[in-house]
Amino acid sequence: MVQTHPISSALSLVGVMGSLAVLYLLLGAEFIAAAQVIVYAGAIMVLFVFVIMLLNAGAETRTGRSYLIPGAPLLIGFLGLMAFFVQRIFPDTTMVALAASPAADRRRSPRAVHHLPAPFEVTSILILVAIIGAIVLARKEIE
């Protein structure tokens, strides 16, 4: 447990989402990178911080670090085993070269996403339900 306060964890998540936007930029998907920053790192994280503050969540108490003793060697062993299997399954991989084609340009345009509003709609409904649930929980604690 690196972060003990929930606000610090939420702000760290903003940094992760910003890093993901940079990865999208490096892949050449400027629209998705901008949407990542505006929608996720901006709007949704503001809602997360709002709900955390509404719930008045305090800092967590630290417990013993006895889980690190068996956890660290198991993690190293698991990562080594996964690397071995990945190399055995995909021995000769080559880098993929992105070609500049009209079809590739159409896939990256904002017009290509206009027919897929369902994920954004579902996400907004889930966030609305989470905010209403946080308000109900906070109201019970006050009364």
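Visitor: Why is tyrosine 40, in helix α2, called partly exposed?

Guide: Tyrosine 40 lies in helix α2, a helix being a DSSP run of H or I with at least four residues, numbered from the N terminus. Its relative accessible area is 28%; buried means under 20% and exposed over 50%, with a 1.4 Å probe and protein chains only, so a value in between is partly exposed. This is a predicted model, where local features need pLDDT of at least 70 and side-chain atom pairs count only at pLDDT 80 or more, while totals for chains, interfaces and linings use all residues. Residues are numbered from 1 along each chain as its sequence is written, and side-chain values use heavy atoms, with hydrogens and water left out.

Visitor: What is tyrosine 40 in contact with, leaving aside neighbours within four places in sequence?

Guide: Tyrosine 40 is in contact with Met17, Ala35 and Met45, contact meaning heavy atoms within 4.5 Å.

Visitor: What makes up the largest nonpolar core?

Guide: Seven residues: Ile7, Ala10, Met17, Ala41, Met45, Val49 and Ile52. Such a core is a set of buried Ala, Val, Leu, Ile, Met, Phe, Trp, Tyr and Cys residues joined through side-chain atoms within 4.5 Å. Helices α1 (6-26) and α2 (30-55) each supply at least two of its residues, and α2 gives the largest share, 4 residues.

Visitor: How do you know that valine 86 counts as partly exposed?

Guide: Valine 86, in helix α3 (residues 68-89), has 44% relative accessibility, so valine 86 counts as partly exposed.
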